[in-house]
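User: Could you take a close look at one part of this model with me? I'd like a connected walk through the backbone and the packing around it.

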Amino acid sequence: MGAAILSDLLTVILIPVAAVVGIVFALVQWTFVSKVKLSPEQQPPASGNKNGYSDYLIEEEEGLNDHNVVVKCADIQTAISEGATSFLFTEYQYVGVFMVAFAILIFLFLGSVEGFSTKSQPCTYSKDKTCKPALANAIFSTVSFLLGAITSLVSGFLGMKIATYANARTTLEARKGVGKAFITAFRSGAVMGFLLAANGLLVLFIAINLFKLYYGEDWEGLFEAITGYGLGGSSMALFGRVGGGIYTKAADVGADLVGKVERNIPEDDPRNPAVIADNVGDNVGDIAGMGSDLFGSYAESSCAALVVASISSFGINHELTAILFPLLISAMGIIVCLVTTLFATDFFEIKAVKEIEPALKGQLIISTALMTLGIGIVSWIALPSTFTIFNFGAQKTVKNWELFFCVAIGLWAGLVIGFVTEYYTSNAYSPVQDVADSCRTGAATNVIFGLALGYKSVIIPIFAIAVSIFVSFSFASMYGIAVAALGMLSTIATGLAIDAYGPISDNAGGIAEMAGMSHRIRERTDALDAAGNTTAAIGKGFAIGSAALVSLALFGAFVSRAEISTVDVLTPKVFIGLLVGAMLPYWFSAMTMKSVGSAALKMVEEVRRQFNTIPGLMEGSAKPDYATCVKISTDASIKEMIPPGALVMLTPLIVGTFFGVETLSGVLAGSLVSGVQIAISASNTGGAWDNAKKYIEAGASEHARTLGPKGSDAHKAAVIGDTIGDPLKDTSGPSLNILIKLMAVESLVFAPFFAAHGGLLFKIF
């Protein structure tokens with residue numbers, strides 16, 4: 001077998017050091033962003049600082065020292081920040097109640113496996129050894145669930161705070177040029193990306209070491225208890241994604257339909273009553289929701305890999321460095337992303353609009369190339385040359401270079417999915433241009449073309465996922481799939497930085513419009529936003545692809561833990577589960593889409609009421625009542641997020657308890673297979689409609705100018721398509737990847753109970 005080159009002591013030092021480096025780097029980026037002042041009296045003398053934090057270009061005709069503009073920007077930012085904070089606090093109160101209730105459920109279910117006994121029991125996989133009692137597993141699983149949940153909420157909240165801190169600063173920097181604004185937005189995104197990646201790694205590492213004080217040599221029990229961390233992270237992400245998604249899209253649809261289509265006023269016009277709610281929504285849905293979502297994916301892929309490793313030779317022989325291989329990959333990821341970020345902020349300077357998108361795509365390519373090298377180094381120093389991996393009851397011999405390929409193929413599959421998503425959603429390519437062209441004949445043809453594009457965009461990502469599953473399973477069984485998912489998420493800090501950059505730029509454009517800045521500044525923020533839109537679609541592609549791999553790895557761990565030797569589709573128990581599982585994503589999507597629809601209905605009525613009853617609103621002499629619109633979005637999203645959340649959380653419990661582990665394995669497989677397809681097509685359809693509208697509005701090519709300008713029939717058809725696509729790309733699509741992961745990780749956590757007491761109905765009959 002041979003031992004790993006890296007000593008256990010060095011491993012225990014390197015992982016937390018990498019996490020701390022990530023946190024320090026995030027704080028350094030934050031200090032750069034905070035140098036952009038939101039008070040009008042701060043101007044320092046000019047100096048040629050490259051990144052433009054001290055050069056004050058008074059000669060630009062934008063009126064850099066227009067105090068009113070700066071004050072207005074600060075006021076708007078405060079309104080957005082307060083709206084987002086109050087929504088998240090309200091949401092977290094409801095989620096907190098759920099968190100406590102579910103923690104009690106975990107304790108009761110898992111504690112009852114052995115009748116709350118405190119006696120040691122034979123281990124699940126090595127019957128000749130004794131493991132800690134089931135009651136200990138119940139207590140520690142509950143603690144790790146709460147840890148994961150709190151880390152997830154903190155990740156989302158910090159992300160939102162950073163985004164609302166940076167949006168007006170990006171607007172003000174846009175007066176000095178597009179390069180300055182880009183760096184401010186990107187640095188802010190990096191703060192969120194690095195804080196989240198480092199916190200996720202650090203909390204998991206500390207939890208493992210604290211649990212080890214009790215578990216000692218019982219690594220099987222230790223890593224089974226740690227799976228609660230993934231469950232906590234994802235269950236909070238579900239509510240963040242669904243609640244935030246309903247909030248943002250209710251406001252967006254209401255603002256667009258009445259403002260753009262009926263009243264012919266520009267996007268983010270301060271006369272529109274829903275405009276503040278719309279900008280708040282970008283932060284609570286796209287930032288806080290996305291942060292929690294990717295943290296959940298990261299936590300679950302780590303947990304899936306650790307569970308399988310604990311019953312392989314790593315766990316049996318107590319090889320600490322080898323078992324912490326998933327955490328070492330994440331630690332290497334933080335260092336690689338740190339270097340990659342410097343390429344965007346320090347090594348190259350953006351001078352023109354056309355350089356923005358290549359710079360963001362360059363981030364993905366550079367981080368993937370460097371990470372491949374990083375994975376090679378970690379695989380070489382942290383793994384023995386040969387070892388065995390648990391493979392459904394048997395032990396499979398694996399070499400360290402095979403595991404390197406598993407992680408690397410996940411990493412590159414993520415890049416492929418990202419670029420295919422970009423091809424189908426960016427208005428630089430023919431698919432979106434065809435959708436825009438179809439707007440000539442009205443909204444109906446636009447909708448038909450958009451749906452077709454979404455369905456077609458599923459093909460290559462599914463092949464990429466299929467190939468990575470086949471290769472990684474062939475090399476290293478279920479552990480291979482778990483580390484492939486981790487490979488896809490290893491550059492999470494860069495992925496999140498690019499992802500958070502989009503909503504920050506979007507908000508910056510909104511603030512520029514509301515503060516009455518010149519059209520040149522709005523053009524710059526629009527260019528930043530358009531690039532951000534495409535990269536957000538790439539981020540969603542990553543999230544969905546990694547969710548597919550993560551849930552398959554968790555599914556494998558669940559099947560092993562529930563002691564199912566084979567999942568036979570031909571047995572009726574499994575087949576009925578398969579059918580019901582495949583239906584669940586449709587049921588879930590129906591709930592979330594209808595929630596957005598009914599909330600948007602209230603919003604449209606309120607916006608119309610204000611335009612009709614407030615005298616002087618259209619002329620700009622009276623102010624709209626923003627607070628009522630914010631309240632409509634908040635109330636609707638809090639009320640409407642509970643039923644979809646309950647559907648996802650209760651399904652595994654009900655199926656496992658009443659129908660048993662075979663039916664539950666069918667449900668998990670069915671929801672994975674159908675959920676991935678719907679998630680990809682929904683996200684890409686919505687993204688394509690959004691960018692088709694932007695393509696017509698920008699009028700950058702001869703073809704686009706024949707469809708425009710704003711307010712033309714083709715543009716109105718594009719706005720309707722974009723409005724239909726909003727809940728698809730920002731509510732249903734992104735939430736579905738949490739559905740498939742969450743059901744799998746929940747089944748794994750409750751597997752001991754289901755294996756011992758599940759299938760009540762089949763026992764009765």
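Where is the place of His318, in terms of the helices around it?

Analyst: Happy to help, and please keep in mind that this is a predicted model. His318 sits in the loop that runs between helix H7 (313-316) and helix H8 (320-323). Its backbone deserves your attention: the phi of His318 is near 55 degrees, which is a positive value in a residue other than glycine. As for the surroundings, His318 has a relative accessibility of 26%. Buried would need under 20% and exposed over 50%, so His318 counts as partly exposed.

A second residue makes a good companion to this one. Glu563 also has a positive phi without being glycine, with a value near 60 degrees. This residue belongs to the loop between helix H16 (519-561) and helix H17 (572-613). The relative accessibility of Glu563 is 52%, and therefore Glu563 counts as exposed.

From that loop we can follow the chain into H17 and look at how this helix packs. H17 meets helix H19 (residues 642-698) at an angle of about 60 degrees, and the two axes are 6 Å apart. Because of that angle, H17 is oblique to H19. The hand of the crossing between H17 and H19 is right-handed. Sorted by class, the residues in the contact of H17 with H19 are 17 nonpolar, 11 polar and two charged.

Definitions and conventions
Residues are numbered from 1 along each chain as its sequence is written. This is a predicted model: local features need pLDDT of at least 70, side-chain atom pairs count only at pLDDT 80 or more; totals for chains, interfaces and linings use all residues. Side-chain values use heavy atoms; hydrogens and water are left out. Helices (H or I, at least four residues) and strands (E, at least two) are DSSP runs, numbered from the N terminus. Buried means under 20% relative accessible area, exposed over 50%, partly exposed in between (1.4 Å probe, protein chains only). Axes are lines fitted to C-alpha atoms, for helices over the stretch in contact, and angles run from 0 to 180 degrees between N-to-C directions. Angles under 35 degrees count as roughly parallel, over 145 as roughly antiparallel, 65 to 115 as roughly perpendicular and the rest as oblique. A crossing is left-handed if the near helix is turned anticlockwise from the far one by less than a right angle, and right-handed if clockwise. Ala, Val, Leu, Ile, Met, Phe, Trp, Tyr, Cys and Pro count as nonpolar, Asp, Glu, Lys and Arg as charged, and the others, Gly among them, as polar.
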